[in-house]
Amino acid sequence: MAGQNIMNIGKLKKLLNEISSEIGDDYHVWLSSDEEGNEFLPMPANPKLCLAIDKKTKCIIFFPLHR
């Protein structure tokens, strides 16, 4: 998988800055993964593929790429 398709720190910072007007500091961050750490998966660089904002429960959800 090409590195440019994977989220990096710079892109994550930019994404969080872009959505800061939609979310508050009290929003929780959820990750779509198991709690045992059985598998480590990259997050796609495209926010349309990796991010959901749930205003009802006040959380942002990140989804990894499954190979």
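**Notebook: a salt bridge and its surroundings**

I looked first for charged pairs and found that lysine 58 forms a salt bridge with aspartate 26, with the closest N and O atoms 2.7 Å apart. The pair joins distant parts of the chain, 32 residues apart: lysine 58 belongs to the loop between strand 2 and strand 3, and aspartate 26 to the loop between helix 1 and strand 1 (28-31). I note at once that the model is a predicted one. A search of the whole structure gave me 1 salt bridge. In general, side chains of opposite charge can pair when their charged atoms come close.

**Entry: exposure of the pair**

I asked whether the two partners are buried or exposed. Lysine 58 has a relative accessibility of 38% and therefore counts as partly exposed. Aspartate 26 is likewise entered as partly exposed, at a relative accessible area of 44%.

**Entry: the loop that holds lysine 58**

I then checked the backbone at this residue. Lysine 58 has a positive phi of about 55°, although it is not a glycine. The hairpin in question is formed by strand 2 and strand 3, with 4 residues between the strands. I also looked up threonine 57, which is found in the loop between strand 2 and strand 3. Threonine 57 is partly exposed, with a relative accessible area of 42%. I computed a C-alpha separation of 8.7 Å between threonine 57 and histidine 28, which are 29 residues apart along the chain.

**Entry: strand 2 against strand 3**

I followed the hairpin into its strands. Strand 2 (residues 51-54) pairs with strand 3 in the antiparallel sense, over 4 bridges. Aspartate 54 has cysteine 59, in strand 3, as its bridge partner. Isoleucine 53 stands opposite isoleucine 60 in strand 3. From the other direction, I found that isoleucine 23 touches both Ile53 and Ile60, leaving out residues up to four places away in sequence.

**Entry: the sheet and the overall order**

I counted 2 helices and 3 strands in the protein. Along the sequence they follow the pattern α-β-α-β-β. How are the strands ordered in the sheet? I read the order as 1-3-2, in an open sheet of 3 strands with mixed pairing. Strand 1 and strand 2 stand at the edges with a single partner strand each, so one side of each is left without a neighbour in the sheet. The twist averages 20° from one strand to the next. I next looked for the helix packed on these strands: helix 1 lies across strand 2 and strand 3, and runs at about 150° to strand 3.

**Entry: the nonpolar core**

I listed the residues of the largest nonpolar core and obtained 10: Met7, Leu15, Ile19, Ile23, Tyr27, Met43, Cys50, Leu51, Ile60 and Phe62. Helix 1 (9-19) and strand 3 (59-62) each supply at least two residues of this core.

**Entry: phenylalanine 62**

I chose one core member for a closer look. Phenylalanine 62 is found in strand 3. With a relative accessible area of 8%, phenylalanine 62 falls under the 20% limit and is therefore buried. What does phenylalanine 62 contact, leaving aside neighbours within four places in sequence? I found Leu12, Leu15, Leu16, Val29, Trp30, Leu31, Ser32, Met43, Cys50 and Leu51. I also took the C-alpha separation of phenylalanine 62 and proline 44, which are 18 residues apart along the chain, and obtained 9.5 Å.

**Entry: the cysteines**

I looked for disulfides and the count came to 0. I then checked the accessibility of two cysteines. Cysteine 50 is buried, with a relative accessible area of 0%. Cysteine 59 also counts as buried, at 0% relative accessibility. Cysteine 50 is among the members of the largest nonpolar core, and cysteine 59 is the bridge partner of aspartate 54.

**Entry: totals**

I closed with the whole chain. Buried residues make up 25% of the 67 residues in the protein. Among the contacts with a separation of 6 or more, 67% are between residues 24 or more positions apart.

Notes: Residues are numbered from 1 along each chain as its sequence is written. This is a predicted model: local features need pLDDT of at least 70, side-chain atom pairs count only at pLDDT 80 or more; totals for chains, interfaces and linings use all residues. Side-chain values use heavy atoms; hydrogens and water are left out. A nonpolar core is a set of buried Ala, Val, Leu, Ile, Met, Phe, Trp, Tyr and Cys residues joined through side-chain atoms within 4.5 Å. Buried means under 20% relative accessible area, exposed over 50%, partly exposed in between (1.4 Å probe, protein chains only). Contact means heavy atoms within 4.5 Å. Two strands pair if DSSP finds at least two bridges between them. A salt bridge is a side-chain nitrogen of Lys or Arg within 4 Å of a carboxyl oxygen of Asp or Glu. Axes are lines fitted to C-alpha atoms, for helices over the stretch in contact, and angles run from 0 to 180 degrees between N-to-C directions. A disulfide is a pair of cysteine sulfur atoms within 2.5 Å.
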